[in-house]
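Reader: I am new to this structure and would like a close look at a single part of it, namely the cysteine links. Please take me through them slowly, and then show me what lies around them in the chain.

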Amino acid sequence: MEKFVELQTGSLMGMAHISFGLTLHKNHNFSIGIGFVPELDSHEEMTLTSLKYRYEGDTRIESELFGTSITISPFNFGLASLIGHQDEIYKKSPDYLPDGYYFPTAKRVIFNYQTVVSFNSDLQVYMDWSVLDVGLINYVRNFEFYNDNYDAFGLEGIVSYGFGIRKRF
Amino acid sequence: MNSIMNIVASNGYNYLRTALIAVATTLILVGCDYELSPWQTDVYCPGQSVDENLALIKQIEQTKQIGDSFKVALLGDPQQFPEDFDETIKLLNTYAEVDFIILLGDLVETGLKQEFEWTCKAMNHSNKPIIPVIGNHDSLSYGVDIWLQTFGEYDFTFSYLGTKFVAYNDNQYEFEDVPDLDWLEQASAISDDETRLHTIGMSHIEPWGRAPDLSQFLAKNGFDQMLHAHKHKFAYYQREEVGLPHFITADTQDVKFAIMTVTPDTITIEQCDPVCLPAEIEIR
């Protein structure tokens with residue numbers, strides 16, 4: 001069972017998000033993580049926690065970059081449960097709301113796709129594209145709207161990107 | 001399989017170049033955002049603040065005179081269905097007799113930046129000014145901050161051809177001390193030099209909760225028509241002992257809206273699904 005640590009920025013997971021994980025049965029990766037967003041004009045200071053799963057496809061492209069052998073793993077699909085920790089959003093419906101009136105505003109599900117480049121057996125960098133739960137639902141329900149108004153089959157309207165580095169042990 | 005892998009290995013640089021080009025092209029094409037979390041507040045929604053839309057309404061008003069009749073489209077609850085909202089907007093673009101649109105709240109479902117941007121994308125297809133009123137779903141997450149930054153104040157008024165429109169926040173789960181009755185009283189008061197034909201109130205939710213007698217309060221303060229959404233279905237009623245008509249517009253799913261016609265003496269409403277029929281008032 002391989003272990004790994006990854007550090008990611010963006011893609012809805014915070015300015016920095018560090019995760020610790022295990023690889024099970026070669027393709028299945030599970031991790032837990034903690035992220036942070038400092039106070040910004042566009043964001044309250046916030047801590048994030050996550051539980052992630054990533055399926056790593058078997059396709060590999062061997063190549064060389066500046067004299068170093070690299071392996072590209074182009075097909076990685078994942079799912080993350082993300083929780084924001086901040087006073088204005090809630091993980092459990094407050095008492096003043098009727099039961100089930102709203103979904104907890106601090107909990108989100110994120111779907112993602114990664115392209116991973118391995119520099120050796122231990123070190124990987126990846127690009128991550130993610131879609132929020134409500135983005136995926138709306139995209140399916142309103143495909144024509146997104147396709148007509150955003151590029152790349154409407155994906156421009158729902159996708160966010162980020163980068164990460166992963167070290168395997 | 002081996003032969004395929006041999007080809008892959010022997011053409012490594014080509015594959016690398018192809019992969020990098022594919023990534024770069026995807027980035028350019030997708031043009032997606034680098035977003036730190038779902039809870040960002042920097043909504044891109046050019047030209048849709050209440051102030052900007054009121055400036056456009058002022059320009060339309062200058063082509064008319066007090067006492068002229070006018071029509072307003074009433075929309076509500078477009079959340080989760082930007083496509084139908086967009087179609088509704090585009091249909092209303094063909095209604096030359098409609099001067100502006102009142103959007104009675106719940107522009108989004110969970111108060112997130114991305115959701116506001118999708119709704120704004122459709123709003124920007126309108127050839128008419130759109131006046132938004134805050135809904136309970138708009139206030140979730142950081143929606144209250146997004147609303148202030150993107151659209152403006154929660155409570156506001158404007159006048160059009162002698163009719164005063166009063167928008168107020170009545171989302172009682174999300175805000176304390178709403179509706180602001182003192183503000184409503186002041187906002188509806190007629191000044192000495194003012195010619196007032198009608199006073200129309202607008203809130204996402206009809207009178208409820210902490211203000212059960214709000215309809216009576218509003219009637220006492222001179223309101224003669226109320227407009228709401230929230231229930232996703234058309235309804236039109238007045239309480240027998242109060243007499244103030246409350247119209248609730250449907251959501252925009254499958255293209256639904258209402259048209260309000262204001263003359264110096266009357267206010268009438270048609271509910272459109274999408275064919276328009278007169279709304280009949282129910283006495284409760």
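Author: Numbered in sequence order, the bonded cysteines of chain B pair as 1-2, 3-4, and the count over all chains comes to 2 disulfides. The model is a predicted one, with a mean pLDDT of 92 for chain B and 89% of the residues of that chain at 70 or more. Some caution is due for residues 1-9 of chain B, where pLDDT stays under 50 and the model has 6 contacts beyond four places in sequence.

As a general matter, a disulfide is a covalent bond between the sulfur atoms of two cysteines. One of the links runs from B:Cys45 to B:Cys120, with an S to S distance of 2.0 Å. Because B:Cys45 sits in the loop between α2 (12-30) and α3 (50-61) of chain B, while B:Cys120 belongs to helix α5 (residues 113-123) of chain B, the pair ties together parts that are 75 residues apart in sequence. The torsion about the S-S bond of B:Cys45 and B:Cys120 is about -90°, and the disulfide is therefore left-handed. As for accessibility, B:Cys45 has a relative value of 9%, which falls under the 20% limit, so B:Cys45 counts as buried; B:Cys120, at 1%, counts as buried by that limit.

The other link joins B:Cys272 to B:Cys276, again with 2.0 Å from S to S. Here the torsion about the S-S bond is 105°, and the link of B:Cys272 and B:Cys276 is right-handed. Its two ends fall into separate classes of accessibility: B:Cys272 counts as buried at 0%, whereas B:Cys276 counts as partly exposed at 22%.

Turning from the cysteines to the strands of the chain, there is an open sheet of 7 strands in chain B, with the order β4-β5-β6-β7-β9-β8-β13 and mixed pairing. The edges of this sheet are β4 (156-160) and β13 (282-283) of chain B, each of which pairs on one side only. At one of these edges, β4(B) pairs with strand β5 (residues 163-167) of chain B in the antiparallel sense, over 5 bridges, and within that pairing B:Phe156 stands opposite B:Ala167 of β5(B). Helix α7 (residues 181-188) of chain B packs on the sheet, where it touches β4, β5 and β6 (198-202) of chain B, and the direction of the helix makes about 165° with that of β5(B).

Conventions: Residues numbered from 1 in each chain as written. Chains lettered and ligands numbered in written order. Predicted model: local features only at pLDDT ≥ 70, side-chain atom pairs only at ≥ 80, totals over all residues. Heavy atoms only, no water. Disulfide = S-S within 2.5 Å. Helix = DSSP H or I, 4+ residues; strand = E, 2+ residues; numbered from the N terminus. Buried < 20%, exposed > 50% of the residue type's maximum accessible area, 1.4 Å probe, protein only. pLDDT = per-residue confidence, 0-100. Contact = heavy atoms within 4.5 Å. Pairing = 2+ DSSP bridges. Axes fitted to C-alpha atoms, helices over the stretch in contact; angles between N-to-C directions.
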